[in-house]
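Hello,

Here is the structure I promised to pass on. Please open it and keep it beside this email as you read.

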2 protein chains.
Amino acid sequence: MLPGPTNVSDRVMQAMLSPVINHRSHDFAELHKNVIEGCRYVFDTKKADIVVLSSSGTGGVDAAMQSILDPGDSVVIPAFGEFSSRLGDSARYLGAKVIAPEANLGGLPNLESVEASMKQAPKVKALCVVYNETSTGVTWRKLKELKELANKYGSLFIVDAISVLGGDFLPVDELGVDVCITGSQKCLAAPPGLAILSFSEEARKIVMKAKDPKSQYFDIKRYFKYAESGETPYTPALPLFYALDEALKIVKEEGLERRIRRHAVCAKAFYDAFESIGISAHCKNLEERSHTVIGMVYPKGIEDQKFRSILSEKFWILIAGGFGALRGKMFRLGCMGEVNQQIVTATVSGIANCLKLLGYDCDPSRALERVWSALGEPTFDLKS
Amino acid sequence: MLPGPTNVSDRVMQAMLSPVINHRSHDFAELHKNVIEGCRYVFDTKKADIVVLSSSGTGGVDAAMQSILDPGDSVVIPAFGEFSSRLGDSARYLGAKVIAPEANLGGLPNLESVEASMKQAPKVKALCVVYNETSTGVTWRKLKELKELANKYGSLFIVDAISVLGGDFLPVDELGVDVCITGSQKCLAAPPGLAILSFSEEARKIVMKAKDPKSQYFDIKRYFKYAESGETPYTPALPLFYALDEALKIVKEEGLERRIRRHAVCAKAFYDAFESIGISAHCKNLEERSHTVIGMVYPKGIEDQKFRSILSEKFWILIAGGFGALRGKMFRLGCMGEVNQQIVTATVSGIANCLKLLGYDCDPSRALERVWSALGEPTFDLKS
């Protein structure tokens with residue numbers, strides 16, 4: 001139940017055993033084409049160029065920044081957790097001037113402060129935002145308003161959707177996202193090791209205009225060129241391409257909208273259940289609560305390390321603790337990919353019973369009733 | 001029989017099916033430790049720091065250059081093929097001044113021209129060399145002399161050993177290689193997707209002294225820091241770590257020296273066999289011929305595309321053509337990883353018969369006799 005990498009189905013794991021083929025062959029071009037088409041479906045785009053990188057999501061973020069920004073460019077990157085800070089670092093290391101409206105952990109900067117930031121430079125090249133901040137469990141649902149701001153100031157709109165794409169709405173074409181980044185190991189439920197990026201027509205123009213790249217490996221222009229013949233410029237992590245292809249087929253079979261609804265329903269079940277036994281969500285604003293990373297504040301007296309090791313050893317449930325300044329204060333669990341009724345039930349049951357074992361006064365059956373009620377199952381009194 | 005990715009044994013493929021675990025856990029730290037130890041064995045080093053990156057070999061080259069070079073630094077990078085050019089590009093994109101003594105394709109620049117290059121800048125930060133040029137089948141065996149040059153001019157010594165490490169000698173400590181780079185999918189016979197780097201104490205000092213990194217993903221300083229607790233800074237391509245671990249165990253079981261000897265014997269069998277039927281090696285100098293990438297010049301009248309597609313469709317043997325300016329002029333095959341007597345025999349048999357089929361006048365049995373003779377097997381007259 002980690003907030004990524006998530007569990008991977010046997011079907012996807014087995015796909016990795018497909019033969020090691022020549023990445024300069026027709027067979028690979030076919031696989032590459034299928035992966036790109038599957039990505040277009042989950043990015044909900046008909047127009048964007050898709051690039052798959054053999055790297056983690058952070059590599060994808062670096063590649064996006066390197067392909068769009070030049071030293072001296074100004075960018076606005078709201079900072080409200082570890083991963084939005086990383087997005088800022090990625091731009092800063094390139095020599096870009098980063099303007100970062102901040103928010104307290106667990107919240108989001110308001111639109112006014114973002115607009116004030118957009119005014120701080122004569123020309124802001126891009127407004128870059130983390131859609132779902134994995135370190136706090138906060139989702140920026142008002143992407144439309146951010147896009148309008150980007151338009152108003154003539155800036156590109158870049159979205160880091162690593163821990164959310166495929167688990168919450170992100171229609172790339174409709175929203176006008178210029179560069180969108182995700183990873184294989186989160187809501188797509190494939191193994192870790194691939195980053196996926198989309199580029200709008202306008203973003204593509206900027207990429208193509210660039211002279212020397214900042215690095216070879218993340219030189220997106222070269223990926224565009226090789227994609228014309230169904231190739232990647234450098235040796236791809238082939239087994240992971242096979243796995244992603246299979247994972248994308250599964251997304252298509254389920255249907256993107258159903259998949260997103262499933263994530264929302266499971267997330268509500270988690271929040272309702274924990275709140276019913278007095279555990280509060282780290283994110284106070286209901287509208288900003290993530291459907292893919294559930295962040296809850298520890299009740300008094302529960303010690304993070306002890307709780308998570310008993311949960312792992314006695315209940316076989318792996319969850320994550322807090323990140324950075326939130327270490328010891330909260331726990332985070334992934335509501336991603338394969339999450340379903342059975343998984344939510346088992347997780348809530350395990351966590352509530354583990355808390356009770358550690359002396360927290362609560363009634364696990366109460367939490368479970370809230371799970372079933374949120375999941376739309378008939379509720380019944382466990383004690384009867 | 002591609003010059004990478006090479007065939008991967010079932011044992012290594014199956015290892016990828018190990019469970020997706022938390023990369024911030026004791027289990028991963030254990031796996032990470034084993035991989036690092038296995039890498040130390042193949043790099044023949046006790047002292048160097050090892051970093052495993054989830055990227056292709058080119059990503060590893062970028063990471064090495066980014067971690068050592070600053071804009072304005074001078075480096076000497078001999079250019080004698082596609083991959084040595086890439087090494088140069090990697091440095092150039094960082095703003096380094098690249099001095100590149102050149103050689104004709106199929107050969108190596110001589111030591112005098114390298115030394116002349118070392119004198120062209122008041123201070124050369126590093127002498128960087130491709131040990132085995134995959135695009136031409138040439139190996140730079142006189143690494144010791146290059147290291148002496150590097151020492152003489154107070155430069156670091158960086159070796160790109162992507163298509164050769166594990167298949168030819170490269171004792172990193174003994175030779176004093178400061179940064180060595182390899183990939184998972186070549187002589188180590190693991191699937192593609194990981195780059196491995198070693199850093200000497202001196203290289204480590206330079207890495208640690210750097211202020212801002214050039215990118216997050218290739219920020220080696222951060223890899224050093226996370227390695228202290230058995231972690232990687234970013235989500236690792238976990239299935240590929242499992243596979244590499246298994247592949248490294250296989251190397252250890254065979255023994256590095258035996259493995260290198262096996263590559264040498266198989267390479268000799270390939271060269272002898274092809275030459276016996278009038279096909280000449282692209283690399284004329286016997287001492288410079290690669291033991292891991294066998295590059296042969298097409299005889300007159302054989303058309304590359306046609307030859308390789310018949311070889312693939314009728315004989316089920318995949319080999320590579322020439323790269324860049326050598327396209328259509330030569331074929332290249334990998335003598336890597338799992339290569340053995342059966343594989344050499346089947347490959348030579350297929351290639352000789354395919355050439356004959358296309359009208360080249362040769363006697364395949366002659367080539368096979370040379371194979372068996374080189375492999376130390378009793379020879380016998382096929383026609384009797």
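Chain B superposes on chain A after a rotation of 180° with 0.0 Å of shift along the axis, at an RMSD of 0.0 Å. (Copies are superposed by least squares on the C-alpha atoms of residues with pLDDT of at least 70 in both.) That is the relation of a two-fold axis. Within chain B, the residue closest to the rotation axis is B:Ser55, with its C-alpha at 2.7 Å.

This is a predicted model: local features need pLDDT of at least 70, side-chain atom pairs count only at pLDDT 80 or more, and totals for chains, interfaces and linings use all residues. Residues are numbered from 1 along each chain as its sequence is written, while chains are lettered from A and ligands numbered from 1 in the order in which they are written.

How confident is the predictor? pLDDT is its confidence in each residue, from 0 to 100. Chain A averages 96, and 98% of the residues score at least 70. The model has an ipTM of 0.93 and a pTM of 0.95.

Now the interface. 38 residues of chain B are in contact with 38 residues of chain A (contact: C-beta atoms, placed from the backbone, within 7 Å). The side of chain B that touches chain A has 19 nonpolar, 14 polar and five charged residues. (Nonpolar means Ala, Val, Leu, Ile, Met, Phe, Trp, Tyr, Cys and Pro; charged means Asp, Glu, Lys and Arg; the others, Gly among them, are polar.) The copies meet through the same surface, because 100% of the interface residues of chain B are also interface residues in chain A.

Best wishes

Methods:
Two residues are in contact if their C-beta atoms, placed from the backbone, lie within 7 Å. pLDDT is the predictor's confidence in each residue, from 0 to 100.
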